[in-house]
Protein chains: 2
Amino acid sequence: MTTPVRVLLADDEHLIRGALAALLSLEDDLVVVAEAATGPEALAMARAHAPDVAVLDLQMPGADGVKVATSLRAELPACRVLIVTSHGRPGHLKRALAAGVRGFVPKTVSAQRLAELIRAVHAGNRYVDPELAADAISAGDSPLTAREAEVLEHAADGAPVAEIAERAALAEGTVRNYLSSAASKLGAENRHAAVRLARERGWV
Amino acid sequence: MTTPVRVLLADDEHLIRGALAALLSLEDDLVVVAEAATGPEALAMARAHAPDVAVLDLQMPGADGVKVATSLRAELPACRVLIVTSHGRPGHLKRALAAGVRGFVPKTVSAQRLAELIRAVHAGNRYVDPELAADAISAGDSPLTAREAEVLEHAADGAPVAEIAERAALAEGTVRNYLSSAASKLGAENRHAAVRLARERGWV
DNA sequence: CACCCCCTCTGACATTTGTCATGCCCGGTG
DNA sequence: CACCGGGCATGACAAATGTCAGAGGGGGTG
């Protein structure tokens, strides 16, 4: 047999990370060479150990999986990235693929299946969970313009228009206009519902 | 040695559940007798297998860990409940303890530690993660009255006052009053920010 | 070049909100 | 029993928000 696949495991939940490391180690063609609990830590570990495959959680403190994947793409082009996530929003998948991620699966898969996917990704294949892919396709592209999305993001915490205007360096009236058009594009009754919808689809 | 501790494992993420089951099985005084991916399934499994300890994820489809714990308390008083969670909101801890849960820990603990806690809980001890406990204490009790909390919940998805009034069977003016007083109690600028804050603290 | 789409702003208007004062009914507490 | 706090409501007002029409500038495409 050839040399084993060197794997980096990044997930902020120690329970999962540890358990996963143990399970993957049972596969004798896989070896977990490093673990990380945060985005920056994952990057540092990747630099230090140059793994073949990085298994990244989508939501981690510091920097999310997609951001890490982007940096990894630049620094270690040979390292393939596989993203694992609990809540798969359609938009995230699109962003992940754009960042050069090779695999994208929900945490509902079995460890056995994950091991297979690590091998597949290492071999150069791509794999996206069919259900998540279907969601992404049916959700389609974001109908929002760049500014609409930006303003909507600033509105996310329920701030009043005046504050959004200040943060975005726009006139209040302009902000209201963007908010209004964004809400109508999303079919929402008001900006708050719009924020919720955009969040669900991963458009913010 | 005495008979092993019979454990029920409930978590919607197959990856974690499977990995955990494998790890816990390495401990020879623990045996995983059942697994479940949803709240109702966890209940059914508990009825069928009467485990000594139920390890429940806080967020599951169908019914959350606290709801399951409440039912379990009534149906299987001998079964001790240990809750595991990724995002520990202060209010959840309080609700969990009220439901008779014996242990409450974040998923950042190690599997080794979890095994110890399962034994401790089985022996009749209680255990709450110190950090979560500190959060819960510093966050204090919800200052909201029952109606304020109810109205705030209905406001959660950004619905207009008219809709909230209809769902809560209240006059619009009354709803506005409750929302207003809730927001001022939480120190929020408006109801949407109030919803966010109450969510964070686990008060809704 | 003409056209279209996006960005930006303004002003005006209707509607929705937040806020406050005030009143009534009820269950508990001193 | 008198008092208080909470639940519930009304009405009125100010402020925030949503909506519309319009208008100038800029970049890209046919």
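His192(A) is placed in helix α10 of chain A, which covers residues 191-201. The model described here is predicted, and this briefing begins with that histidine before turning to the interface of the two protein chains and then to DNA strand D.

**His192(A) and its surroundings**

- Is His192(A) buried or exposed? Its relative accessibility is 14%, and because buried means under 20% relative accessible area, His192(A) counts as buried.
- The side chain of His192(A) is joined to the side chain of His192(B) by a polar contact of 3.0 Å.
- When residues up to four places away in sequence are left out of the count, His192(A) touches Gly158(A) as well as two residues of chain B, Gly158(B) and His192(B).

**The interface of chain A and chain B**

- Contact between the two chains involves 28 residues of chain A and 29 residues of chain B.
- The area buried between chain A and chain B is about 2,200 Å², and carbon and sulfur atoms give 66% of that area.
- Eleven residue pairs are in polar contact between chain A and chain B, counting pairs in which both residues are at pLDDT 80 or more, whereas the rule finds zero salt bridges across this interface.
- On the side of chain A that touches chain B, at least two residues each are supplied by α1 (14-26), α5 (111-122) and α10, the last of these being the helix that holds His192(A).
- Which element gives the most to the side of chain A that touches chain B? That element is α1(A), with eight residues.
- By residue class, the side of chain A that touches chain B divides into 13 nonpolar, eight polar and seven charged residues.

**The surface near DNA strand D**

- There are 17 residues around DNA strand D, and those that come nearest are Val161(A), Asn177(A) and Arg191(A) from chain A, together with Arg147(B) and Tyr178(B) from chain B.
- Among the atoms of DNA strand D within 4 Å of the protein, 59% belong to sugar or phosphate, while the rest belong to bases.
- A polar side-chain atom of Arg191(A) lies 2.7 Å from a phosphate oxygen of DNA strand D; for Ala171(B), a backbone N or O atom lies 3.2 Å from a phosphate oxygen of the strand, and for Thr174(B), an N or O atom in the side chain is 3.3 Å from one.
- Two or more residues each are given to this surface by α9 (172-186) of chain A and by α7 (146-154) and α9 (172-186) of chain B, with the largest share, five residues, coming from α9(B).
- The residues of the surface near DNA strand D comprise six nonpolar, seven polar and four charged.

Definitions and conventions. Residues numbered from 1 in each chain as written. Chains lettered and ligands numbered in written order. Predicted model: local features only at pLDDT ≥ 70, side-chain atom pairs only at ≥ 80, totals over all residues. Heavy atoms only, no water. Helix = DSSP H or I, 4+ residues; strand = E, 2+ residues; numbered from the N terminus. Buried < 20%, exposed > 50% of the residue type's maximum accessible area, 1.4 Å probe, protein only. Polar contact = N/O pair within 3.5 Å; in protein donor to acceptor, adjacent residues only side chain to side chain. Contact = heavy atoms within 4.5 Å. Near = heavy atom within 4 Å. Nonpolar A, V, L, I, M, F, W, Y, C, P; charged D, E, K, R; others polar. Buried area = accessible area lost by both parts, 1.4 Å probe. Salt bridge = Lys/Arg side-chain N within 4 Å of Asp/Glu carboxyl O.
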